[in-house]
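Ready for some practice in reading a protein model? Take a pencil, look at the picture, and try each task before you read its solution.

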Amino acid sequence: LVWWAIEAKADQDREAVLKLFADKAFCDQPLVSKHLIERLMRRYASTGKRGRVNLMRFDAASGAHQPVTQGPQEISSYTATPDGSRMALVVSTALVIGDLHVLDTASGKMTTLARPNEELFAQLDLTAPEENTTKSSDGGETHALVQNPPGFDPKKKYPVILNIHGGPHAAYGHVFYHEMHWMAANGYVV
């Protein structure tokens, strides 16, 4: 409860939290010195790049960071054990929605705990999007995801739907988009 109270207060009154940790008597308490300080110094954040949302670990003292998860996916929710050795993650990809995993942060091994949509998705013919990068007229790169219909034959011609959505606040990525699957299932390249 102490951790929850500090986290909640940190958003509302940062100065009060900083003042609390500036108090040596507070910091010398076993709960604080052995558990809270360590947890505060090790922070995780979700980071987005090229349609992927993965976790990074940040060291508050040095500023160093390293990836905790990698791959074409979106980590939509997560929590860590107090020592950071294991994490519970909710993971979505272009082919799954909200699977629950446990991650061993030392080895990087992810174990699936629950696949709530497995029975439904086993009945569907879904395709994962392919990444495509092209040079734009100003020399920059444009990143795109191309969703082919099931049974796609590169020798055939298909109708195309261009569905544009870009940043800076949101963008398409490696997560399940029912509308893309629906259009692809109806024979379109999206």
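Below are five exercises, each with a worked solution.

A few ground rules come first. Residues are numbered from 1 along each chain as its sequence is written. The model is predicted, so local features need pLDDT of at least 70, side-chain atom pairs count only at pLDDT 80 or more, and totals for chains, interfaces and linings use all residues; side-chain values use heavy atoms, with hydrogens and water left out.

**Exercise 1. Find the buried face of a helix**

Task: work out which residues of α6 are buried and how they are arranged around the helix axis.

Solution.

Step 1. Learn the terms. Helices (H or I, at least four residues) and strands (E, at least two) are DSSP runs, numbered from the N terminus. Buried means under 20% relative accessible area, exposed over 50%, and partly exposed in between, with a 1.4 Å probe and protein chains only.

Step 2. List the residues. In α6, the buried ones are M180, H181, M183 and A184.

Step 3. Look down the axis. These buried residues fall within an arc of 165°, so they line one face of α6; the arc is that of the directions from the helix axis to the C-beta atoms. An α-helix has 3.6 residues a turn, so residues three or four places apart point the same way.

Step 4. Turn the helix round. H178, W182 and A185 are exposed, on the face of α6 turned away from its buried side.

Step 5. Follow the chain onward. Just after α6, G187 has a positive phi of about 95°.

**Exercise 2. Describe the surroundings of M183**

Task: say where M183 sits, and which residues beyond its sequence neighbours it is in contact with.

Solution.

Step 1. Place the residue. M183 belongs to helix α6, residues 178-185.

Step 2. Judge its accessibility. M183 counts as buried because its relative accessibility is 11%.

Step 3. List the contacts (heavy atoms within 4.5 Å). Neighbours within four places in sequence aside, M183 is in contact with I161, N163, Y188 and V190.

Step 4. Compare sequence with space. I161 is 22 residues from M183 in sequence, and their C-alpha atoms are 8.1 Å apart.

**Exercise 3. Trace the strands**

Task: find how β5 pairs with β4 and with β6.

Solution.

Step 1. Recall the rule: two strands pair if DSSP finds at least two bridges between them.

Step 2. Take the pair β4 (residues 74-80) and β5 (residues 86-92). They run antiparallel and are joined by six bridges. S77 has V90 of β5 as its bridge partner, while Y78 stands opposite L89.

Step 3. Take β5 and β6 (residues 99-104). Six bridges join this antiparallel pair as well, and L89 has H101 as its bridge partner in β6.

Step 4. Check the turns. The hairpin of β4 and β5 has five residues between the strands, and G84 takes a positive phi near 75°. The hairpin of β5 and β6 has six residues between its strands, and G98 in the turn has a positive phi of about 60°.

**Exercise 4. Spot an unusual residue type for a positive phi**

Task: describe the phi, place and accessibility of R50.

Solution.

Step 1. Read the angle. R50 is not a glycine, although its phi is positive, about 50°.

Step 2. Locate the residue. R50 lies in the loop between β1 (42-49) and β2 (52-59).

Step 3. Apply the accessibility rule. R50 counts as partly exposed because its relative accessibility is 34%.

**Exercise 5. Explore the empty space**

Task: give the volume of the largest cavity and name the residues that line it.

Solution.

Step 1. Define the cavity. On a 1 Å grid over the protein atoms alone, a cavity is a set of points where a 1.4 Å probe fits but cannot get out, and lining residues have an atom within 4 Å of a point.

Step 2. State the volume. The largest cavity holds about 30 Å³; grid points are joined across faces, edges and corners, and a volume is the space filled by probe spheres set on the points.

Step 3. Name the lining. D125, L126, T127, Q147, P150, H181, A184 and A185 line the largest cavity.

Step 4. Look at two of them. D125 and A185 are 60 residues apart in sequence, and 7.9 Å apart in space from C-alpha to C-alpha.

Technical notes: On a 1 Å grid over the protein atoms alone, a cavity is a set of points where a 1.4 Å probe fits but cannot get out, and a pocket is an open set with protein on both sides within 12 Å along at least five of seven lines; lining residues have an atom within 4 Å of a point.
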